[in-house]
Amino acid sequence: MSNLVLIADDDDSLRHILAAALERAGYETLKARNGAETLACVKETNVDVILLDIWLGDANGLELIEDIQQHNSTASIIIITAHGTTQTAIDAAKQRAYGYLTKPIDQKQLLDLVSRAASATSQTKNIKAAASPEFDRHGKMVGQSSAMQDVYHKIGRAAVSDETVLVFGESGTGKELVAQLIHQNSGRVHNPFVVVDCGAMPSSLIESALFGHVKGAYTDAHSPRKGKFQQADSGTIFLDEIGELPIEVQMKLLRVLQEREVEPMGGTETHAVDVRIIAATNRRLETAIAQKTFREDLYYRLNVIPISLPPLHERKEDIPELIDLFTSQFVEEYQLPEIGISTEVVKQLTAYDWPGNVRELENAIKRALVMCSGQMLLPEHFDPILEKSTPISEPGQLDTKVYAILKAHIERYIESEAPPGELYAEIREIFEKPLFKIVLEHTNGNRSKASDILGINRNTLHTKLVEYKLVS
Ligand SMILES: Nc1ncnc2c1ncn2[C@@H]1O[C@H](COP(=O)(O)OP(=O)(O)OP(=O)(O)O)[C@@H](O)[C@H]1O
Ligand SMILES: [Mg+2]
């Protein structure tokens with residue numbers, strides 16, 4: 001099927017020249033003379049590439065790009081700029097476009113750029129297909145916010161290009177998922193995808209882990225070892241937390257990027273490697289560069305295709321779709337009965353700020369499904385996230401709080417003049433009384449349900465309720 005190119009330009013003769021050149025090269029074309037016609041074409045057809053004059057008579061180029069992307073988020077936009085267009089307009093438009101051409105338009109450049117833009121579009125479409133609900137869950141990425149549309153677009157570009165990619169994003173925003181998607185949609189898909197967490201390895205080991213070593217390279221190197229780069233040969237290497245890479249090792253990595261060969265530690269021989277590099281970082285490397293803990297030259301070598309994942313609180317419109325995705329994933333994984341989600345839950349989860357980003361949301365849903373015994377996810381299943389203004393995101397933090405409360409109580413008990421021998425009963429009461437009270441509130445006083453939830457015998461529960469004066 002040939003690709004459909006929309007030519008949006010108010011210059012009649014240019015429109016026809018461009019259309020003729022593209023048709024000769026096998027493209028189908030559509031022409032639009034102004035913003036309104038452009039939008040109509042985008043709405044009515046499924047164009048692959050749009051050549052867009054940013055000075056389109058009736059329309060502001062930048063706003064038009066936004067409108068186009070609302071209706072067709074996969075098409076690659078190539079902007080056409082003329083002399084005299086203000087630089088700021090061009091810069092702003094470039095950020096959202098696949099590429100740009102300057103008038104007078106060179107035919108070879110035109111065909112070259114349109115051909116690359118068309119493959120980027122088809123890659124983006126593939127990724128979207130991979131992200132659609134019918135598709136295999138593996139590697140699925142969802143979210144329709146414009147920030148995520150931009151991410152899909154860049155993943156598509158990166159997948160076809162084989163260039164080095166640098167992924168930025170706070171913890172839990174999906175950096176590794178992006179790396180997997182690029183690999184899976186690239187020509188290297190049938191070759192290895194090797195992950196190295198540069199932050200998790202002691203600096204003494206990282207060099208040999210990455211580049212390997214020869215026998216006797218250091219005291220414990222009893223036998224030679226291939227490094228991750230050689231393991232990833234003909235595939236992709238994902239260098240996570242690249243900002244943590246010790247400065248000595250950065251020099252060696254730079255060499256791999258420049259020469260495409262590795263030199264195992266302790267050796268003199270080099271080995272050629274054919275590896276696509278995707279690096280990720282959760283902090284801005286500019287600061288590290290300023291502090292001289294990250295090499296600037298390495299940064300530029302890595303930052304060929306930057307992909308930035310915004311924190312989840314900056315794209316709240318994606319939250320409902322993520323909730324649906326994770327719920328259906330876990331329902332399937334744990335073979336749970338179908339479960340609904342109350343609108344109140346969606347509302348409250350969308351209002352929450354998610355400091356741990358998508359990963360925190362994913363974990364919250366997993367926990368909620370475990371807590372939920374009915375057919376509906378309710379706000380209380382998301383305690384303590386939705387209850388407290390300062391969320392307890394780590395279970396360890398709860399332990400710490402309980403520990404602090406108990407310690408204070410126990411110390412007070414020991415220092416007081418109270419008769420010894422009551423401590424165990426006292427502490428037990430502190431926990432059991434609210435525990436039973438809360439569970440009973442949830443079951444509307446139904447003791448048989450409460451004993452089921454608690455996992456204790458009904459008679460035991462009754463005795464305790466009497467003891468704590470929770471029933472008469
Ligand atoms: N847009 C998304 N759609 C679906 N799932 C997502 C999305 N973003 C992230 N996830 C899921 O959230 C979890 C965290 O993502 P990932 O591990 O890629 O994040 P990360 O940025 O590498 O985090 P960290 O810095 O903690 O390593 C994964 O289970 C991933 O599949
Ligand atoms: Mg990660």
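In the predicted model, serine 234 is partly exposed, its relative accessible area being 28%, and this residue is found in the loop that runs between helix 9 (228–231) and strand 12 (236–240). The backbone of serine 234 has a phi near 70°, a positive value in a residue other than glycine. On the far side of strand 12, in the loop between that strand and helix 10 (247–259), glutamate 241 is found, and here too phi is positive in a residue other than glycine, with a value near 50°. Glutamate 241 has a relative accessible area of 18% and is therefore classed as buried, the cut-off for that class being under 20%, whereas the 28% of serine 234 places that residue in the partly exposed class.

A further backbone feature is found at the peptide bond from lysine 103 to proline 104, which is cis, with omega near -5°. Proline 104 lies in the loop between strand 7 (99–102) and helix 5 (107–130). As a general background to these three sites, most residues other than glycine have a negative phi, and most peptide bonds are trans.

The surroundings of ligand 1 comprise 18 residues, of which Val142, Ser171, Gly172, Lys175 and Glu362 come nearest. By class, this shell is made up of eight nonpolar, four polar and six charged residues. Helix 7 (175–184), helix 13 (319–333) and helix 15 (357–371) each supply at least two residues of the shell. Because both domain 2 (162–310) and domain 3 (315–382) give residues to the shell, ligand 1 lies between these two domains.

Polar contacts to oxygen atoms of ligand 1 involve both side-chain and backbone atoms of the protein. An N or O atom in the side chain of serine 171 is 2.9 Å from an oxygen atom of the ligand, while a polar backbone atom of glycine 172 is found at 2.8 Å from a ligand oxygen atom. In the case of glutamate 176, a backbone N or O atom lies 3.1 Å from an oxygen atom of ligand 1. Taken alone, ligand 1 exposes 630 Å², and the protein buries 86% of that area.

Methods. Residues are numbered from 1 along each chain as its sequence is written. Chains are lettered from A and ligands numbered from 1 in the order in which they are written. This is a predicted model: local features need pLDDT of at least 70, side-chain atom pairs count only at pLDDT 80 or more; totals for chains, interfaces and linings use all residues. Side-chain values use heavy atoms; hydrogens and water are left out. A residue is near a molecule or strand if one of its heavy atoms lies within 4 Å of it. A polar contact is a pair of N or O atoms within 3.5 Å; within protein, one must be able to donate a hydrogen and the other to accept it, and residues adjacent in sequence count only if both atoms are side-chain atoms. Accessible areas come from the Shrake-Rupley method with a 1.4 Å probe; for residues, only the protein chains shown count as cover. Helices (H or I, at least four residues) and strands (E, at least two) are DSSP runs, numbered from the N terminus. Ala, Val, Leu, Ile, Met, Phe, Trp, Tyr, Cys and Pro count as nonpolar, Asp, Glu, Lys and Arg as charged, and the others, Gly among them, as polar. Domain bounds come from an automatic or database domain assignment. Buried means under 20% relative accessible area, exposed over 50%, partly exposed in between (1.4 Å probe, protein chains only).
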